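Me: I am new to this structure and would like a close look at one part of it, the largest pocket. Please describe what lines the pocket, and then place it in the chain as a whole.

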Amino acid sequence: QLPVYSEFRNNGTRALTIVRKIEGNATALKTDILVTYPGAEIRVNERTNQIILKGCVGEDIRQWLTAKGF
């Protein structure tokens, strides 16, 4: 089980994928994701150490994290 969640905001018109419970450098993980998925809109919440991706890409991120060995 990976801590990758889908969230819908603005009455379901805005889909987000959130990677929670990151131990370590979230900014480095963001750059690794951008290498694999260029053009993805990604934010890092430094206070909660979470990565927020625009769109419903949870399954892709889960597969990518599993391939990386998480």
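Reply: What follows goes through the pocket and then the chain around it. The model is predicted.

The largest pocket has a volume of about 230 Å³. Its lining is made up of 15 residues, and those closest to the centre of the pocket are Ile22, Glu23, Leu29, Leu65 and Phe70. By kind, the lining residues divide into 9 nonpolar, 4 charged and 2 polar. Helix α1, which covers residues 26–36, supplies the largest share of the lining, with 3 residues.

Helix α1 belongs to a protein chain that has 2 helices and 4 strands. Along the sequence these elements come in the order β-β-α-β-β-α.

As for the overall form, the C-alpha trace of the protein chain spans about 35 × 25 × 25 Å along its principal axes. The radius of gyration of the protein chain is 12 Å; a compact globule of 70 residues would have a value near 11 Å, so the two agree.

Contacts and surface complete the description. Among contacts in the protein chain with a separation of 6 or more, 49% are between residues 24 or more positions apart. Of the 70 residues, 27% count as buried, where buried means under 20% relative accessible area. The accessible surface of the protein chain comes to about 4,800 Å². Carbon and sulfur atoms account for 48% of that surface.

Note on methods:
Residues numbered from 1 in each chain as written. Predicted model: local features only at pLDDT ≥ 70, side-chain atom pairs only at ≥ 80, totals over all residues. Heavy atoms only, no water. 1 Å grid on protein atoms, 1.4 Å probe; cavity = no way out; pocket = protein on both sides within 12 Å on 5 of 7 lines; lining within 4 Å. Points joined across faces, edges and corners; volume = space filled by probe spheres on them. Nonpolar A, V, L, I, M, F, W, Y, C, P; charged D, E, K, R; others polar. Rg over C-alpha atoms; globule rule 2.2 N^0.38 Å. Buried < 20%, exposed > 50% of the residue type's maximum accessible area, 1.4 Å probe, protein only. Contact = heavy atoms within 4.5 Å. Areas by Shrake-Rupley, 256 points an atom, 1.4 Å probe, with all protein chains shown as cover.
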